[in-house]
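Trainee: I should be grateful for a close look at one part of this model, namely the open sheet and the helices packed around it. Please take me through that region step by step.

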Amino acid sequence: MNNTKYKKKVDWVMAFYDNAHSMDGQPLWPKQMTQFSLYFKKDEWEDRLEYAIAFHLIGAHRVEAGSWEFGNLPGIESVTLPFRVALNIFSTFDVRLHMGRYGTDLYFNEDGLPVLIKTPDGEIVLRGDKTWQYWKFVWRSTFITVITLVDHLHLAHFRTANLLSRAVREALDPDFPLRRLASIFTFGSIFVNLQAMHTLAGPNHLLHRATPFKEFTKLSSVVPSGDSGIITDITDLPAIKALMVDEEWEKLHPKLKEAPFFADGRLLVGAFRKLMDSIFAVSWEGTMCSANGTYSPNMQRMRTVIFKESLEAQYALSTDVYEWFSLKVESCNNLNAKRVMADRLVAYFFIVTGWHRHVGFVGDYYADPELATMSWKDGEKFGRPRQHIIMTIINVFTSTHQPLLKEDYSHLFDGMKPDLGKEYKSAWKMFLKDLDAIEAEINRRNMKREILNINMNPLILESSISK
């Protein structure tokens, strides 16, 4: 920053994008949703920053509720804390010389404010400690990057969008009704994931150079593997289960139920479930499930492809899904077979829309290298220029504008075999009405929220992972 006109690191970073626009005149840097600078006072980040990130914004789906007791703490005998975001599992990945290690478990009180950190070496750091600001920076940087690498890239792009795109194209006939519907949610996914395989997952490319990991290829293999426990089957993810299963929703802590991810996400999942109920009401019997109780050739092929690709990628599969996709269950003439398929599609469609926006909107966090970054020198609480600028390039090329979910795609339902165009168009029309109602409700909620969140709003939701 010496000998420059910039007083803050964030100003220096954003100067690279001041005059950068797409061909239609849109700024390349995504439009700001949250003004995090409001939390920076007297050269420190207020603890309400972590509260906002964890309970109102990008991190809500990873907050755990429970009871964690710590004893023999300086100044207090013991404390029991009800929330945490645990990231020390990622401290085992080796980093290059002099780079800071990932990790830290951050614990919150009943108000959602951070009060205690457990470092990768097991040290307990309390609020007010001289290293408190540094370890909060490590937690923020680890958290946003883990969400980017695990929940965004591997879970949303590869585990969901790539698998769904390949399955419907390889297994389903072009005029099969489910393929026409799925084309809305798989548009552009193959193209963008082909780019991501090189620039984000490949060795010595942008993501590797922006992160500190010594063995990046190993990391790209470990993260998606079901054996690692980092990514479960999509319908086993605690956050997804809470949105889709009423019993799991009731178990959710009241404070988490208020988080926009859960409160608004539940509305969106409900709309997808209603859509699939309408689709299955006219498609299951005779189109997906034959009159003799066996799966139609299209659905049989789809089951085979999803199972084969999941095994090849070493993805985790829940027990009932494993049995269904492995063809151990031959009959489709039962409610469980219908439920497994419908739930799977609801989860797929939510992940490529609402979930993708929730975990993929990171411009507000990565604009300021003192708020969060992908790599840092051990002991420094800011990102180094080279790695941080490389990281911002990743953010920009994953922030282009794509088709919205709430557009009229009814023309896709013409010429299907069997001809269910009228029924599918009616179902989609009702879905659009539901999205309008969700948009109005989220707008109403945001007028009352202390921290605005539009990530589940159909006003900005895109229909697929195409960026």
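Mentor: Contact here means that heavy atoms lie within 4.5 Å of each other. The model is a predicted one.

By that criterion, Pro 177, Leu 178, Leu 181 and Phe 185 of helix 4 meet Phe 272, Met 276, Ile 279, Thr 287 and Met 288 of helix 11. In terms of residue class, this contact between helix 4 and helix 11 comprises eight nonpolar residues, one polar residue and no charged residues. Helix 11 spans residues 260-288, and the two helices pack at an angle of about 155° with their axes 10 Å apart. Angles over 145 degrees count as roughly antiparallel, so helix 4 is roughly antiparallel to helix 11.

Helix 4 (177-186) also leads towards the sheet, by way of helix 5: the buried residues of helix 5 pack against helix 3 and helix 4. In helix 5 (residues 189-199), these buried residues are Ser 189, Val 192, Asn 193 and Ala 196. They lie on the same side of helix 5, because the arc they cover around the axis is only 95°. Phe 191 and Leu 194, on the other side of helix 5, are exposed.

The sheet itself can now be described. It is open and consists of five strands in the order 3-4-5-6-7, paired antiparallel. Strand 3 (64-73) and strand 7 (124-126) form the edges; each has a single partner strand, so one side of each is left without a neighbour in the sheet. From one strand to the next, the twist averages 35°. Within the sheet, strand 4 (residues 76-86) and strand 5 (residues 105-108) run antiparallel and are joined by four bridges. One specific pairing involves Val 85, whose bridge partner in strand 5 is Leu 106.

Helix 3 (residues 132-171), already named as a partner of helix 5, packs on this sheet and touches strand 4, strand 5, strand 6 and strand 7. The direction of helix 3 makes about 80° with that of strand 6. Helix 2 (residues 48-55) lies across strand 4, strand 5 and strand 6 (114-118), and runs at about 95° to strand 5. Helix 2 is mostly covered, with seven of its eight residues buried. The buried residues of helix 2 are Leu 49, Glu 50, Tyr 51, Ala 52, Ile 53, Ala 54 and Phe 55.

Note on methods
Residues numbered from 1 in each chain as written. Predicted model: local features only at pLDDT ≥ 70, side-chain atom pairs only at ≥ 80, totals over all residues. Heavy atoms only, no water. Pairing = 2+ DSSP bridges. Axes fitted to C-alpha atoms, helices over the stretch in contact; angles between N-to-C directions. Buried < 20%, exposed > 50% of the residue type's maximum accessible area, 1.4 Å probe, protein only. Arc of directions from axis to C-beta. Parallel < 35°, antiparallel > 145°, perpendicular 65-115°, else oblique. Nonpolar A, V, L, I, M, F, W, Y, C, P; charged D, E, K, R; others polar.
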